[in-house]
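Please open the model in your viewer with the cartoon and side chains available, and follow the stops below in order.

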Amino acid sequence: MHIATFLEAVSEFSGGAHTFEADVLEGVRHVAVQGKHRFTLCVPFGRGAVVRKWVPDVVGVAELPEVRRPAPERRSLKNRVFARLGLSRPVAASSNGRTVGDVFRECKIDFAWMTYPHAPVVDIPYLATIWDLQHRLQPVFPEVTTSGWTWEQREQHYSRYIPRSTAIITGTEEGKSEIALFYRVPSERIAVIPLPTPKFPAEVPATREQCIEHLKERYQLPPSYLLYPAQFWPHKNHVGAILTLAELRNRHAVDCPLVCVGADQGNLDFVKEEAARRGVADLLHFCGYIPRVDLGCLYRAAEALLFPSFFGPDNLPPLEAFSLGCPVIAANVPGAAEQLGDAALLVNPTDPQEMAAAVLKLRHDPEMKKTLIA
């Protein structure tokens with residue numbers, strides 16, 4: 001079978017999307033070398049050379065047509081109405097009329113695997129990958145309602161993309177039930193494949209002491225800290241982490257620094273203002289985007305991962321922490337217990353007292369910490 005695997009070819013700045021694509025590429029490399037199936041990676045226009053260096057010669061690379069959208073005043077009335085309603089055609093055509101379907105015919109593709117949620121709807125059998133449907137569950141957050149990919153755009157896309165798919169993969173049984181509930185997909189067409197534990201570069205030192213030494217040369221960090229790697233979206237609940245630090249300081253006389261890693265998506269200034277208002281600004285350390293080797297060192301040297309994100313049903317940072325021996329305190333959102341089992345302390349992300357108690361439990365019970373790591 002000749003399989004087209006759709007990738008966004010996103011950079012490391014894209015956080016979890018990049019980590020997921022790296023795992024997909026690793027899997028494609030492994031299967032392609034065995035020769036059971038042929039693979040062609042379909043990537044955005046102009047990104048072919050970037051992806052080619054990561055795959056062996058037995059894997060093909062095809063660039064999708066470059067879609068040039070006309071300025072609003074030059075669009076036809078029909079196109080303006082479609083845009084206003086958040087609608088899109090199944091397969092977009094480029095400025096010269098070439099479509100994704102043309103790519104399929106030229107490469108003789110039999111089946112497509114869409115690895116990202118806003119992949120196009122195509123006219124051959126395809127496998128959809130669904131990370132989450134939080135716009136249905138938590139539309140209060142602007143990042144799934146009004147900013148970027150709006151609620152209407154998500155819903156219009158998913159209502160065609162999900163039912164039209166030949167099969168769907170998602171990471172948890174919770175995710176499977178949400179897909180079946182919201183889009184009336186028969187459960188036998190939905191496969192649960194848990195997210196893999198992400199790999200880190202071999203350059204990440206093997207011991208905590210070596211990682212601390214590596215970080216000293218690059219960052220001004222406290223000797224002991226909690227880690228929260230997440231882009232600054234409201235749903236990531238950095239404010240919950242701040243309230244936890246304030247609870248530890250004010251009620252328990254414990255100062256617990258927090259190292260934050262991730263790009264600003266519009267919420268960073270608010271987070272800093274809230275930290276100052278709560279009297280814990282001195283405990284926060286913002287590193288922005290950092291290389292993956294450095295992130296691995298931060299995990300390995302951290303006291304624990306504090307992960308209070310409101311979104312699920314599964315997440316990558318706790319798995320990254322698992323791979324590097326970092327204890328995990330994670331939000332008990334639907335799907336978390338299924339994904340993390342008894343290897344993490346699950347807490348209510350709206351309850352700073354409960355999150356603070358989990359931090360103190362790890363500090364005061366070294367045997368529990370060792371058990372979680374094991």
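How many helices and strands are there in the chain? With the whole chain selected, you have 15 helices and 13 strands, where helices (H or I, at least four residues) and strands (E, at least two) are DSSP runs numbered from the N terminus. This is a predicted model, in which local features need pLDDT of at least 70 and side-chain atom pairs count only at pLDDT 80 or more, while totals for chains, interfaces and linings use all residues. Residues are numbered from 1 along each chain as its sequence is written, and side-chain values use heavy atoms, with hydrogens and water left out.

Keep the whole chain selected and colour by accessibility: of its 374 residues, 49% are buried, a term for under 20% relative accessible area, with exposed meaning over 50% and partly exposed in between (1.4 Å probe, protein chains only). The accessible surface comes to about 18000 Å², and carbon and sulfur atoms hold 54% of that area, computed by the Shrake-Rupley method with a 1.4 Å probe. Among contacts (heavy atoms within 4.5 Å) with a separation of 6 or more, 64% join residues 24 or more positions apart.

Next, select residues 208–216, helix H8, together with residues 292–301, helix H11. Their axes, which are lines fitted to C-alpha atoms over the stretch in contact, lie 8 Å apart at an angle of about 130 degrees, with angles running from 0 to 180 degrees between N-to-C directions. That angle makes H8 oblique to H11, since angles under 35 degrees count as roughly parallel, over 145 as roughly antiparallel, 65 to 115 as roughly perpendicular and the rest as oblique. Show the side chains, and Arg208, Cys211, Ile212, His214 and Leu215 of H8 will be seen to meet Val293, Asp294, Cys297, Leu298, Arg300 and Ala301 of H11.

Now move to the backbone. Most residues other than glycine have a negative phi, and most peptide bonds are trans. Select lysine 108, in the loop between helix H4 (100–107) and strand E4 (111–114): this residue is not a glycine, yet its phi is positive, at about 55 degrees, and lysine 108 is exposed, with a relative accessible area of 66%. Then select alanine 253, in the loop between helix H9 (238–252) and strand E9 (258–261), where phi is again positive, at about 55 degrees, and the relative accessible area of 71% makes alanine 253 exposed.

Finish at proline 313, in the loop between strand E11 (304–307) and helix H12 (317–323), and inspect the peptide bond that reaches proline 313 from glycine 312, which is cis with omega near 5 degrees.
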